[in-house]
Amino acid sequence: MLDVERLEEGLREQTAGFARAAAGGDAQAMVPTCPEWPLRVLVGHIGQAHRWTAELLRKGEPVSVPEPWQAEPGTPDEWEEWLRAGAEDLIGALRETGADQEMWTFLGPRPAIFWLRRMLADTAVHHYDAAATTGAAFEIADDVAADVIGEGMDMLVAPGAEQLKPDLAGLRGRGERLAVRPRSGDGWVLIRAPEGLRCERGPVPADADVVVSGALSDLMLVCSRRLPLDDDRVEVAGDRALMDHWLARMAF
């Protein structure tokens with residue numbers, strides 16, 4: 001997991017990238033990777049999510065989840081300023097609260113830094129969505145992409161995750177191992193144990209049941225179900241059906 005300073009920096013980077021990607025687009029263009037939303041609603045969701053999280057951190061308790069269609073991000077030429085302000089509000093709220101302060105989350109009490117990490121992951125994935133809508137380039141630093149993958153894996157194996165997302169119970173198994181292997185550095189291995197999922201970080205074993213390999217940014221997109229497994233940017237070795245089964249059930 002990245003430290004708080006890098007998470008803050010990453011949130012600023014990805015919010016700025018999201019804003020740049022959205023800026024040149026038609027506000028009413030439908031987002032191909034979020035097919036129920038036009039671009040304006042996607043922008044509204046990110047700005048709302050940052051502000052909602054800031055309010056939650058300051059209050060220390062759950063607050064009503066906003067409706068993205070009701071967001072008021074302004075005109076497209078105002079989006080960048082509005083998005084940046086939301087990210088700064090979140091960063092400021094976390095600093096006021098303290099990153100280690102125990103806080104409500106949908107997975108039970110966690111340190112407040114949970115929410116900064118969650119919002120960075122959400123912003124990074126939706127940055128890609130905005131870029132896919134407008135044709136803009138999508139860029140993400142390797143360490144941030146790795147943390148987005150790691151954050152998703154942590155949620156999958158967290159105590160109580162199956163109660164929140166019952167589909168995860170279908171991922172129990174007999175010890176099958178699914179691996180995500182970047183071109184350099186450690187990967188992630190999900191173990192489908194009878195009692196539930198486990199995740200290990202480290203070298204990918206040669207005898208894993210299925211392995212998806214590629215650049216960290218592309219693996220992040222696979223794990224967020226934005227990039228299909230048959231894309232040329234990634235390679236799948238082993239039991240493809242097992243990987244498909246996981247991806248169909250793992251998203252929060």
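Here is a short walk through this predicted model, from its salt bridges to its surface and a buried helix.

Let's start with charged pairs. The structure holds 21 salt bridges, and a good place to pick up the thread is Arg6. Its side chain meets that of Glu9 in a salt bridge, with N and O 3.1 Å apart. Both residues sit in helix α1, which covers residues 4-23, and because they are 3 residues apart there, about one helical turn separates them. How covered are the two partners? Arg6 counts as buried, at 14% relative accessibility, while Glu9, at 40%, counts as partly exposed.

Arg6 also has a partner from elsewhere in the chain. Asp143 forms a salt bridge with Arg6, and here the closest N and O atoms are 2.7 Å apart. This pair links distant parts of the chain: Asp143 belongs to helix α5 (residues 142-156), Arg6 to helix α1, and their positions lie 137 residues apart in the count. Asp143 is partly exposed, with 30% relative accessibility. Put Glu13 into the picture as well, and you have a network of salt bridges linking Arg6, Glu9, Glu13 and Asp143.

Stay with helix α5 for a moment. Asp147 meets Arg117 through their side chains in another salt bridge, at 3.0 Å from N to O. Asp147 lies in α5 and Arg117 in helix α4 (residues 113-134), so this bridge ties together parts that are 30 residues apart in sequence. Buried or exposed? Asp147 is buried, at 5% relative accessible area, and Arg117 is buried too, at 9%.

Now for the surface. Trp104, Phe106 and Leu164 form a nonpolar patch there, and together they have about 250 Å² of accessible area. Leu164 is part of helix α6, which runs over residues 161-164. With a relative accessible area of 41%, Leu164 is partly exposed.

Another residue to look for on the outside is Arg183. You'll find Arg183 in the loop between strands β5 (176-182) and β6 (187-193), and it is exposed, with a relative accessible area of 66%. What does Arg183 touch, leaving aside neighbours within four places in sequence? The answer is Gly214, Ala215 and Arg233. Leu247, on the other hand, is 64 residues from Arg183 in sequence and 21 Å from it in space, C-alpha to C-alpha.

Last stop: helix α7, residues 216-223. This helix is mostly covered, with 8 of its 8 residues buried; among them are Leu216, Asp218, Met220 and Cys223. After α7 comes Arg225, whose phi is positive, near 60 degrees.

Methods. Residues numbered from 1 in each chain as written. Predicted model: local features only at pLDDT ≥ 70, side-chain atom pairs only at ≥ 80, totals over all residues. Heavy atoms only, no water. Helix = DSSP H or I, 4+ residues; strand = E, 2+ residues; numbered from the N terminus. Buried < 20%, exposed > 50% of the residue type's maximum accessible area, 1.4 Å probe, protein only. Contact = heavy atoms within 4.5 Å. Patch = residues over 30% accessible without salt bridge, like charges linked within 9 Å, V, L, I, M, F, W, Y side chains within 5 Å. Areas by Shrake-Rupley, 256 points an atom, 1.4 Å probe, with all protein chains shown as cover. Salt bridge = Lys/Arg side-chain N within 4 Å of Asp/Glu carboxyl O.
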